Amino acid sequence: HFLAAMLSPFTSFRKVEKAPGDFTEIVQAIVEEHKRSLSEVAAGKPRNLGNGSLPLNGLVKALVKQHEVEVSAARMQLPTGIKKLKEEWVLDATQEPLWHIADTNAPRRGGVEQETLFAHAEERRLQNDLTSQNAGKIKEDIQMHEAKMLEVVGDLRSSSWGPIEIDIRRRVCAHMRAMEHADFQLASVREEQIHNIEQIRVAKVGIWRLLTDADVNNTISELELAMLVGNYETHKLVQVDANLRREKDAMEVDMANTWSRVQELAAMNKENEAKLEKAEDDVWRMHKHEEDMHLQLWKNTFELQTLAWKRSHVRSKQLSTLANRWKVFHTSTMLRRQEETDKAISSGDSTRMGTLCERIDELHTRIQEQAKLTKIEISNFLATVQDRQSKLRSRKHEQTRETDAIRDEFLAATFAVMIEDIRLAWLRKEQLQNVELSGRVRKALANMEDQEWLKRLSTSQPLAEAPFQASRWSSSSNNKVGCFAALGTMCSRKRS
């Protein structure tokens with residue numbers, strides 16, 4: 001019995017984490033959880049996580065996850081030519097390219113991610129409306145106590161010392177304590193409103209970044225579809241990059257204006273600190289609002305904090321803009337390579353195709369070399385990350401300038417690892433394109449039966465670290481080695 005009593009909290013915890021089954025069951029559970037919460041609030045009961053069920057936030061996450069699972073299951077029923085498993089494209093190389101630039105799993109306009117952020121902002125707005133109502137009620141209480149206190153204060157001044165005056169003073173003190181408590185409550189309400197206002201801005205910045213990424217990804221996807229029919233509209237990418245550059249420049253102007261205000265506030269705080277040192281020693285003197293230097297320092301410092309929040313959000317948007325510009329640049333490069341290859345094959349010029357094939361092989365070797373250097377760079381950054389993380393773990397109960405400096409280095413190194421990982425992924429994406437382009441050119445040369453170029457390409461010796469070697473092509477044999485063999489290994493399919 002003792003063991004059962006000790007284990008019962010853990011068994012109930014496991015029940016709490018257990019989510020319902022399919023999509024409709026989770027929706028029904030969300031409705032029931034919502035009704036239960038409303039009934040508890042209406043009855044004045046404290047809110048809890050529910051009896052054996054997930055809280056509302058967990059149910060919503062389970063709903064989104066189940067939605068993705070069922071969509072993936074439905075996608076599995078599609079024909080093989082258009083099926084997509086996670087990040088791996090399973091396509092017919094004779095119909096579509098094996099490399100893709102746009103991310104089909106990226107958030108889209110009007111998608112679940114955008115709705116989630118919008119709902120978060122709306123929730124904060126609703127909380128602010130509720131706190132405003134509470135603030136109104138608190139103000140009414142303050143006005144009531146103030147009116148009663150003023151009535152009693154008149155009696156206090158006209159009374160003589162004795163039991164009556166003592167009773168009057170008690171009543172005055174009671175009203176004053178009530179007003180003091182209410183004023184502190186009012187300040188707490190305002191602090192909550194400040195937090196909600198900032199969280200609304202966080203959600204809106206998140207929506208801005210999501211929509212910017214979605215628009216760029218959608219443009220790249222449209223250009224990929226146009227490429228399949230031979231339309232290379234790379235000038236659209238130039239316009240997208242120009243728009244992103246324009247937004248980034250506007251953000252820099254905003255950052256400069258914000259920094260000017262930061263400098264003004266810093267100068268004002270310095271002056272106020274100097275005034276504090278010259279403060280009078282008359283403790284019976286009542287300072288005016290503008291003469292209270294502590295209050296002015298407090299207000300100016302909070303404005304500095306809001307400007308820091310704003311600058312952080314602007315930098316976040318700039319990072320998103322720069323990431324998209326980097327993606328647009330590499331997309332344009334890959335589309336231009338595809339266009340030049342198509343033109344070379346269409347020309348029927350074996351010399352042009354052979355020269356292009358050599359350049360493709362050389363580019364592949366350079367990419368492989370850069371990938372190795374990128375891995376070394378990632379290893380170096382990871383060593384820094386582990387070192388800073390271990391230092392922070394050993395001082396996890398401290399909050400000093402030294403720990404903040406270590407944390408800054410930790411964040412910077414982690415970010416460096418992240419972008420190097422992205423760079424490495426794009427290098428592999430370009431490698432995959434090179435594999436396909438090389439195969440197309442070699443096949444065209446084989447169909448032309450240009451023995452001179454076939455012999456030259458088949459006898460060329462690539463560098464030892466290049467995993468894709470020159471393959472032998474002939475009109476009567478299947479290509480089972482070289483670039484297409486490597487491609488078959490990567491995609492787990494055999495191609496001729």
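**Exercise 1. Find what share of the residues of the protein counts as buried, then outline its secondary structure.**

Solution. Of the 496 residues of the protein, 32% count as buried. Keep in mind as you work that this is a predicted model. Next, take the secondary structure: the protein has 11 helices and two strands. Following the sequence, these elements come in the pattern α-α-α-β-β-α-α-α-α-α-α-α-α. Finally, turn to the contacts between residues at least 6 apart in sequence: 74% of them join residues at least 24 apart.

**Exercise 2. Decide whether α8 and α9 run roughly parallel or antiparallel, and give the hand of their crossing.**

Solution. Start with the axes: those of helix α8 (residues 350-394) and α9 come within 7 Å of each other and cross at roughly 160 degrees. Angles over 145 degrees count as roughly antiparallel, so α8 is roughly antiparallel to α9. As for the hand, α8 passes α9 in a left-handed crossing.

**Exercise 3. Work out how α7 is oriented relative to α9, and list residues that make the contact.**

Solution. The axes of α7 and α9 are 10 Å apart, and the helices pack at an angle of about 10 degrees. The cut-off for roughly parallel is an angle under 35 degrees, so α7 is roughly parallel to α9. On the α7 side, the contact includes L319, W326, K327, H330 and M334. On the α9 side, F415, I422, W426, K429 and L437 are among the residues involved.

**Exercise 4. Locate the aromatic pairs of the structure and describe their geometry.**

Solution. There are two aromatic pairs to find. One joins F302 and W309, with 6.2 Å centre to centre and 90 degrees between the planes, an edge-to-face arrangement. Here F302 is partly exposed, at a relative accessible area of 34%, and W309 is partly exposed too, at 27%.

The other pair is W326 with W426, also edge-to-face, at 5.8 Å centre to centre and 80 degrees between the planes. W326 belongs to helix α7 (residues 293-347) and W426 to helix α9 (residues 401-448), so this pair ties together parts that are 100 residues apart in sequence. Now compare each accessibility with the 20% limit for buried: W326, at 29%, counts as partly exposed, whereas W426, at 9%, counts as buried.

**Exercise 5. Identify lysines that sit over tryptophan rings.**

Solution. Take W426 again: K429 lies over its face, 5.2 Å from the ring centre. Then look at W208, where the charged end of K317 sits over the ring at 4.8 Å from its centre.

**Exercise 6. Characterise the surroundings of L223 and N128.**

Solution. L223 first. This residue is placed in helix α5 (residues 163-228). Its relative accessibility is 3%, so L223 counts as buried. Setting aside neighbours within four places in sequence, L223 contacts E233, K236, L237 and L335. For a link across the chain, check S332: the C-alpha atoms of L223 and S332 are separated by 9.8 Å, although the two residues are 109 apart along the chain.

Now N128, which lies in helix α4 (residues 112-158). With a relative accessible area of 12%, N128 is buried. Not counting residues up to four places away in sequence, N128 touches E192, Q193, N196 and I197.

Key: Residues numbered from 1 in each chain as written. Predicted model: local features only at pLDDT ≥ 70, side-chain atom pairs only at ≥ 80, totals over all residues. Heavy atoms only, no water. Helix = DSSP H or I, 4+ residues; strand = E, 2+ residues; numbered from the N terminus. Buried < 20%, exposed > 50% of the residue type's maximum accessible area, 1.4 Å probe, protein only. Contact = heavy atoms within 4.5 Å. Phe/Tyr/Trp six-rings, centres within 6.5 Å; stacked < 30°, edge-to-face > 60°. Lys NZ or Arg CZ within 6 Å of the ring centre and 35° of its normal. Axes fitted to C-alpha atoms, helices over the stretch in contact; angles between N-to-C directions. Parallel < 35°, antiparallel > 145°, perpendicular 65-115°, else oblique. Left-handed = near helix turned anticlockwise from the far one by under 90°.
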